[in-house]
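Please open the structure in your viewer and keep the sequence beside it, since each stop on this tour begins with a selection and then says what is there.

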Amino acid sequence: MAMIETVLKRFEEPDEVRTFEKGKFELVRIGGMTIGRATYQPGWKWSLHVGPSIGASRCNVEHVGLVLSGCATAAMEDGTIHELRAGTLFYIPPGPPGHDSWVVGDAPYSRCIFSGLSATQTNSPYPPGRPRVPQ
């Protein structure tokens, strides 16, 4: 009978760390999954800090996640703005038309991303070796 090994990991020792303007992204690979923790500083906004580098005004990636701390928005094209606060589990649908996002207030915003990683972290628009920004 084969031994099945239990694996324990923490974001304090991630498999990979990517830094970018006003934030960082930590990746942990475990159990065949990649889970990300993104931390954004006050003043961060997707349409200002990510969009211009890829020629987009909105993020078109689907996300499933959990807010760990702070507050940010998911701002939809129709004008609806959802505030994402600590403890909120969220699903943001894929675009187009997509969404914008920004940190609300003076505290950093941190979240875990369970789905939507492959498009934003391992494929275009961020080639290997370049900082990649989840949104």
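Select lysine 24, which is partly exposed, with a relative accessible area of 34%, and show its side chain together with that of glutamate 26, because the two meet in a salt bridge with an N to O distance of 3.6 Å. Glutamate 26, in contrast to its partner, is buried, with a relative accessible area of 5%. Bear in mind throughout that this is a predicted model.

Next, select lysine 45 and aspartate 100, whose closest N and O atoms are 4.0 Å apart in another salt bridge. Lysine 45 lies in the loop between strand 3 (33-40) and helix 1 (46-49), whereas aspartate 100 belongs to strand 8, so this pair ties together parts that are 55 residues apart in sequence. Aspartate 100 counts as buried at 8% relative accessibility, while lysine 45, at 27%, counts as partly exposed. Then add Glu16, Arg18 and Arg29 to the selection, which are joined into one network by salt bridges that share partners. For one more pair, display lysine 9 and aspartate 15, where the closest N and O atoms of the salt bridge are 2.9 Å apart; lysine 9 is partly exposed with a relative accessible area of 37%, and aspartate 15 is partly exposed with 40%. The count for the model comes to 8 salt bridges.

From aspartate 100, step along the chain to serine 101, which is found in the loop between strand 8 (99-100) and strand 9 (109-115). Is serine 101 buried or exposed? At 2% relative accessibility it counts as buried, and a polar atom of its side chain lies 2.6 Å from the backbone oxygen of threonine 73.

Threonine 73 leads to the next selection, strand 5 (residues 71-76), which is part of an open sheet of 3 strands in the order 6-5-8 with antiparallel pairing. The edges of this sheet are strand 6 (81-85) and strand 8, each of which pairs on one side only. Strands of a sheet pair through backbone hydrogen bonds, either parallel or antiparallel. Between strand 5 and strand 8 there are 2 bridges, and methionine 76 stands opposite histidine 99 of strand 8. Strand 5 is joined to strand 6 by 5 bridges, with alanine 75 opposite isoleucine 81. In the hairpin of these two strands, which has 4 residues between them, look for glycine 79, where phi is positive and near 100°.

Now colour strand 5 by accessibility: why is it described as largely enclosed by the rest of the structure? The reason is that 6 of its 6 residues are buried, where buried means under 20% relative accessible area. In a regular strand the side chains alternate between the two faces of the sheet. Here Cys71, Thr73 and Ala75 are buried on one side, and Ala72, Ala74 and Met76 are buried on the other.

For the surface, select Val64, Leu89, Tyr91 and Phe114, which form a nonpolar patch with about 390 Å² of accessible area together. Within this patch, tyrosine 91 has its place in strand 7 (residues 89-92), and at 48% relative accessibility tyrosine 91 counts as partly exposed.

Finally, zoom out to the protein chain, which has 3 helices and 9 strands. Buried residues make up 39% of its 135 residues, and the chain exposes about 7,500 Å², of which carbon and sulfur atoms supply 56%.

Key
Residues are numbered from 1 along each chain as its sequence is written. This is a predicted model: local features need pLDDT of at least 70, side-chain atom pairs count only at pLDDT 80 or more; totals for chains, interfaces and linings use all residues. Side-chain values use heavy atoms; hydrogens and water are left out. Patches are made of residues with over 30% relative accessible area and no salt bridge: like charges are joined within 9 Å, nonpolar side chains (Val, Leu, Ile, Met, Phe, Trp, Tyr) within 5 Å. Accessible areas come from the Shrake-Rupley method with a 1.4 Å probe; for residues, only the protein chains shown count as cover. Buried means under 20% relative accessible area, exposed over 50%, partly exposed in between (1.4 Å probe, protein chains only). A polar contact is a pair of N or O atoms within 3.5 Å; within protein, one must be able to donate a hydrogen and the other to accept it, and residues adjacent in sequence count only if both atoms are side-chain atoms. Two strands pair if DSSP finds at least two bridges between them.
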